[in-house]
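User: I have a model open and would like to talk through what holds the fold together. Could you take a look with me?

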Amino acid sequence: DLQAISPPLSATHPFLNVKFPNSSYITGTVPLVGSQISAWTIHFTGGDLMPAYGGAGSGYVWPIRGSFNHPVVLGLRFVDNGDGTILDNLTGLTWMKNTTCFGYMHWDAALSKVADLNSGNATCSGYSGTHMDWRLPNILELESLVDYNQENPPFPVSHPFEPYASGDIGNRSYWSSTTQALNLNAGTPSRRVARSLSTGGMSVLGANSKDGDLWVWPVRGGQ
């Protein structure tokens, strides 16, 4: 629950002896063969999904039983709409085909850039549509694109997103609209949540917009 920290669980959770803060739990997600990533862990201060490298993937163990049934798509998952957008038939979301046309910027500027796109004061290379309901994706929407059996980028094989589909393997992280309402430092505003599209890892960044410039990738539909 990204609206909570230490631990990042619902306030009414029933679990005992949850280890926090500054503790991580190892996941069962298997890293890509040949990758430098040795394990995927969940940090139980802010809920960050973090890759561990070089055999450093130690952490607490929390067993689970049963299985999670992922939805499946019969036929093509991604459909090129011919107007610079891509429909994901798995989620019903429509993404810009060009993932880098808006560049990188602070979170507040990213929100403004998407607003400019909706008002017609900004556009994206290759985009010919006139939709007015673009927004920053939330962290789960970005997560829906991630295939942890891939990296650089962590997208399903044969995805159509540019410039990655043409062989670009740039190390980029993208803003989400998700914020974490609480912070470890009293009196500071929400922290922003972002996802790396080199590995698929998730990071919770600091409250101040000076924490860095990340990439902007609008989406529409869903919610």
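**Ties and core**

Analyst: One end of a charged pair makes a good entry point into this predicted model: D133 is partly exposed, with a relative accessible area of 37%.

User: Which side chain does D133 meet in a salt bridge?

Analyst: The partner is R220, and the N to O distance in that salt bridge is 2.7 Å. The two residues come from distant parts of the chain, 87 residues apart, with R220 in strand β12 (residues 219-220) and D133 in the loop between α1 and α2.

User: And R220, buried or exposed?

Analyst: R220 is buried, at a relative accessible area of 18%, whereas D133 at 37% is partly exposed.

User: How many salt bridges turn up in the whole structure?

Analyst: A search of the whole structure gives four. One of them joins D88 and R77, whose closest N and O atoms are 2.8 Å apart. D88 belongs to strand β5 (residues 85-88) and R77 to the loop between β3 (49-53) and β4 (78-80), so this salt bridge ties together parts that are eleven residues apart in sequence.

User: What are the relative accessible areas there, D88 to begin with?

Analyst: D88 has a relative accessible area of 0% and is buried, and R77 is also buried, with a value of 19%; the cut-off for buried is under 20%.

User: What about E141, which residue does it form a salt bridge with?

Analyst: E141 pairs with R135, and their closest N and O atoms lie 2.9 Å apart. E141 counts as buried at 8% relative accessibility, and R135 is buried too, with a relative accessible area of 14%.

User: Switching to covalent links, how many disulfides does a search of the whole structure find?

Analyst: The search finds one, and it joins C101 to C124 with an S to S distance of 1.9 Å. The angle about the S-S bond is -115°, and the link is left-handed. C101 sits in the loop between β6 (94-96) and β7 (104-105), while C124 sits in the loop between α1 (107-119) and α2 (139-143), so the disulfide ties together parts that are 23 residues apart in sequence.

User: Where do C101 and C124 stand on accessibility?

Analyst: C101 is partly exposed, with a relative accessible area of 25%, but C124 counts as buried at 3% relative accessibility.

User: Stepping back, what does the secondary structure come to?

Analyst: The protein has two helices and twelve strands, and along the sequence they follow the pattern β-β-β-β-β-β-β-α-α-β-β-β-β-β. Among contacts between residues at least 6 apart in sequence, 57% join residues at least 24 apart.

User: How much of the protein do buried residues make up?

Analyst: Of the 223 residues, 44% are buried. The accessible surface comes to about 11,800 Å², and carbon and sulfur atoms account for 53% of that area.

User: Which residues touch the most other members of the largest nonpolar core?

Analyst: Those are W95, F161 and W217, in a core of 28 residues. At least two residues of this core come from each of β6, α1, β8 (173-180) and β11 (214-215), and α1 gives the most, with four residues.

User: What does F161 touch, leaving out residues up to four places away in sequence?

Analyst: With those left out, F161 touches F78, I86, W95, M96, K97, T99, L145, F155 and W217. W95 and W217 thus appear in that list of F161 contacts, and they are also named with F161 as the residues that touch the most other members of the core.

Terms used. Residues numbered from 1 in each chain as written. Predicted model: local features only at pLDDT ≥ 70, side-chain atom pairs only at ≥ 80, totals over all residues. Heavy atoms only, no water. Disulfide = S-S within 2.5 Å. Buried < 20%, exposed > 50% of the residue type's maximum accessible area, 1.4 Å probe, protein only. Contact = heavy atoms within 4.5 Å. Areas by Shrake-Rupley, 256 points an atom, 1.4 Å probe, with all protein chains shown as cover. Core = buried A, V, L, I, M, F, W, Y, C linked by side-chain atoms within 4.5 Å.
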